[in-house]
Amino acid sequence: MQPFSPLRRLHQTLMPDYNRRATAYWWTVVPLGLAAIAWASADIASRPWTVVMQIAAGVVMAGLAGGFPIMIPRTKTSFALGEVFTFLLLFMHGPAPAVLAAAAEAAVASARTSRRWTSRIGGPALTAISMAGTGFLLEIVVGWPAGLQGIGMSVLVALALWLAIFHFMLNTALVAALPRLKRGEWLQWSDLTGSFGLTLGMSAVCACGAALLSEAFRAYTLPVLATITPALLMLVTIVRGFFRQQEATRALSEAEAQAARREADITARHLQQMHEIAFHDALTGLPNRRMLLAELDESVRLHRENHDRGYALLFLDFDRFKLINDTLGHAAGDTFLKHVSQRLSAQVEAADLVARLGGDEFAVLLRRPVTLDAVDALAARIQQAVGQPYLVSGTELTSSASIGITTSARGYEVPQDVLRDADIAMYRAKAAGKARHVVFDAQMHRELARRLRLESDLRRALADGALTLAYQPVFRLSDGQPLGFEALARWTHPELGEIEPVEFVPIAEESGLAPALTDYVLALACTQLRRWHARWPAVGTLGMQVNLSDRDLAQRTLPERVRAVLRETGVQPDLLWLELTEGTIMRRLATQRSVLLELRALGTRLVIDDFGRGYSSLGQLSSLPIDGLKIDCSFVAGIGQHHDTSAIVRTILQLGQSLGRMVVAEGVETHAQLEWLRSAGCDAAQGRGLAAPMAAPAVEAWLERQHGWGVGAAVPASAASPAVLMH
Ligand code: C2E
Ligand code: CA
Ligand code: CA
């Protein structure tokens, strides 16, 4: 315990940062300085009053100068021109007045710059000591007061210069010692040399100026005083003004630089955030598709440069995500996805990348060469991890992933292809029964290549008019007369030969070519029908059935396009039958009912194609804006077979009858099927057993033969007469 001491308490409050040594220094030097001031005051007091007045004027001027320091731009130092008066007094009246003047200037300066009494007293005291030392040096060198009298001007100026340097160094040493001592160090040589420069220079100028002035004063006191005071004032004002402006400019550029730095900071942070947003998924915090593609790009490039640097991509799709979203809500869906992202991240190594591609699609990029066995094992581990039950909104639920895999072994050139192949493999996994993983293979690659080729070739074929139509007659069963034809697209590829509609129609739908295909078929079929009507007016009641695809119904322009075709070809609207699959009607009914109604308002007929294969509720059928049903050929084929479908067909027929819709049977191949359908009350039928789809010239031959006009016309083998089966 420290003994209680009021002095110690005072020390604690006033000089908290002064250690023992610094305290000792202060209490030694400051009383010494004060003693010097006291001695100087006493010395002056003994002089004649005219001299005392002169000294007082000098001291006041020095003090005033201390109040108007000149800041040196780009530094923290300043100097006052008070030294002119101090040295003037030194040369004219000896050390004592100079000590007082120096102390006055320092007192004012310290009062301005510091609030601490240690500094406010210490400043003038230290300056008093250094000036006293300088004065005594002068006395020792020249002998005072007589010594200066006979001295030459140049010697005096040189002397002034050295005195100024001495004073400066002594003062600097005394002042710099304190902070050193506070830190427990000794004064360093650099403390003195470090502060050389402008301040020392100005000091020297002041001293030399004072030497010159003292000579002038000795000759003419008053005129000189009257001249130098305003001159000095002007000088101070000008120099201060100049320096201030410099300082302001510096402050401004400093502020500008600071603002620029801040802006750069903000920009950098902003960029960081933008990067975060642009390359990450907000929900899970995982890298997003963009980032995956960027990383994949890097992996592809590295592999191209060095085949030892392999990679593998796993594409994941969760099998029951839609169900979770639909039944438990989107918040639950989000929670599920977060769980999934954590489980996935836990299964991979640090160098691997887990990304969310959107929805419930995730990808894992392995940035290392891996064998198929290793990927296989990882996929199995992932299946196991994501297959564990999830607790979401208090409900325990399970899910599984379908995983598609591809690796650098396939020699990819662009990251998009890697993603595409993994995606295709994922679809295979899903189709194979979910919760599986499938590696993209050569067979899938061939199929894909063919598909991509067909897509671009189909585009060209449509533009070049390279597609043709086959027409399959549809017969009324009551009397065996043809009702019309179904137009079926045909495409003979210049190199690949015949391409089946089951292959190219889905390609058209997926590549946005479906409307173009429909327009093409509509125009060609209606033009053809109109031509036949013109040639054989007796068959003017024959209609044309055209298949629409799912994508057509999504287009609001469809009714307008149909109307345009009818107008241009002159086909009677009720002879155009538009076929839509059951799935399409059900999918589009809610949103596109108006399109269906518009089509009917045009006068065209709507038929449900492939009826029975879809999932339409029979209850909904009565409210559908349709005119007929086409029984899917699989049911017709099953009539009287092992898995007898005749009960289903009979139900569909009864349904059609009760709703007043016409029912057409498709794919009739045998006489037995035909007879069965006729006796069950089916309205119409088509099929190879009646007439196969024919190209336009074959249809024409068939029509001539049917109606006896084209005597001797050859009938193609495919165009079997319905009469064969009808009777
Ligand atoms: P779909 O509308 O059901 O067409 C009837 C299909 O049955 C045609 O196949 C036809 O050639 C075939 N077929 C004819 N007679 C028989 C038979 O006795 N038994 C069996 N099992 N089938 C028979 P195709 O021409 O290969 O067309 C297949 C599918 O492609 C069509 O099925 C239709 O969905 C689509 N399609 C064909 N042309 C077009 C078109 O121009 N536009 C659109 N959107 N789809 C078309
Ligand atoms: Ca059809
Ligand atoms: Ca059909």
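**Stop 1: strand E8**

Select strand E8, residues 401–407, in this predicted model. Look at where its side chains go. Ala-401, Ile-403, Ile-405 and Thr-407 point one way. Ser-402, Gly-404 and Thr-406 point the other way. How many residues of E8 are buried? Seven of the seven are, so the strand is largely enclosed by the rest of the structure.

Now show the neighbours of E8. On one pairing, E3 and E8 run antiparallel and share seven bridges. Pick out Leu-313, which stands opposite Thr-406 of E8. Then turn to E9. E8 and E9 run parallel, joined by three bridges. Here Ile-405 stands opposite Val-439 of E9.

**Stop 2: the whole sheet**

Widen the selection to five strands. They form an open sheet in the order E4-E5-E3-E8-E9. The pairing is mixed. Which strands are at the edges? They are E4 (353–358) and E9 (437–439), each paired on one side only. From one strand to the next, the twist averages 20 degrees.

Zoom in on E3 (residues 312–318) and E5 (residues 361–366). These two are antiparallel, with six bridges between them. Select Leu-314 and find its bridge partner in E5, Val-364.

Add helix H16, residues 415–431. H16 packs on the sheet and touches E3, E4, E8 and E9. Its direction makes about 140 degrees with that of E8.

**Stop 3: Ser-393**

Go to the loop between strand E6 (390–392) and strand E7 (395–397), where Ser-393 sits. Check its backbone. Phi is near 50 degrees, a positive value in a residue other than glycine. Most residues other than glycine have a negative phi. Is Ser-393 buried or exposed? At 55% relative accessibility, Ser-393 counts as exposed.

**Stop 4: the first calcium ion**

Select the calcium ion (ligand 2). Its protein donors are Glu-486 (OE), Asn-547 (OD1), Glu-579 (OE) and Asp-609 (OD). They lie 2.1 to 2.3 Å from the ion. Along the chain, these donors follow the spacing E-x60-N-x31-E-x29-D.

Colour two of them separately. Asn-547 is in strand E13 (residues 543–547), and Glu-579 is in strand E14 (residues 576–581). This pair links distant parts of the chain, 32 residues apart. Their exposure is worth a look. Asn-547 counts as partly exposed, at 27% relative accessibility. Glu-579 counts as buried, at 1%.

**Stop 5: the second calcium ion**

Move to the calcium ion (ligand 3). What bridges it to ligand 2? Asp-609 does, and the two ions lie 3.9 Å apart.

Show the donors of ligand 3. They are Asp-609 (OD), Asp-610 (OD), and Glu-666, which is listed twice through OE. Their distances from the ion are 2.1 to 2.4 Å. The spacing along the chain reads D-D-x55-E.

Trace where these donors come from. Asp-609 is in strand E15 (residues 605–611). Glu-666 is in the loop between strand E17 (662–665) and helix H26 (671–680). The two are 57 residues apart. Both Asp-609 and Glu-666 are buried.

Stay on Asp-610, which also lies in strand E15. Asp-610 has a positive phi of about 50 degrees although it is not a glycine. Its relative accessible area is 16%. Buried means under 20%, so Asp-610 is buried.

**Stop 6: two crossing helices**

Select helix H4 (residues 82–93) and helix H6 (residues 117–142). Their axes come within 11 Å and cross at roughly 35 degrees. H4 passes H6 in a right-handed crossing.

Turn on the side chains. From H4, the contact uses Thr-86, Phe-87, Leu-90 and Phe-91. From H6, it uses Met-131, Gly-135 and Leu-138. By class, this contact has five nonpolar, two polar and no charged residues.

**Last stop: Ala-463**

Finish at Ala-463 in helix H17 (residues 442–464). Ala-463 is exposed, with a relative accessible area of 66%. Now add Tyr-520, which is 57 residues from Ala-463 along the chain. Their C-alpha atoms are separated by 9.2 Å.

Terms used. Residues numbered from 1 in each chain as written. Chains lettered and ligands numbered in written order. Predicted model: local features only at pLDDT ≥ 70, side-chain atom pairs only at ≥ 80, totals over all residues. Heavy atoms only, no water. Donors = N, O, S within 2.8 Å, 3.2 Å for Na, K, Ca; no water. Helix = DSSP H or I, 4+ residues; strand = E, 2+ residues; numbered from the N terminus. Buried < 20%, exposed > 50% of the residue type's maximum accessible area, 1.4 Å probe, protein only. Axes fitted to C-alpha atoms, helices over the stretch in contact; angles between N-to-C directions. Left-handed = near helix turned anticlockwise from the far one by under 90°. Contact = heavy atoms within 4.5 Å. Nonpolar A, V, L, I, M, F, W, Y, C, P; charged D, E, K, R; others polar. Pairing = 2+ DSSP bridges.
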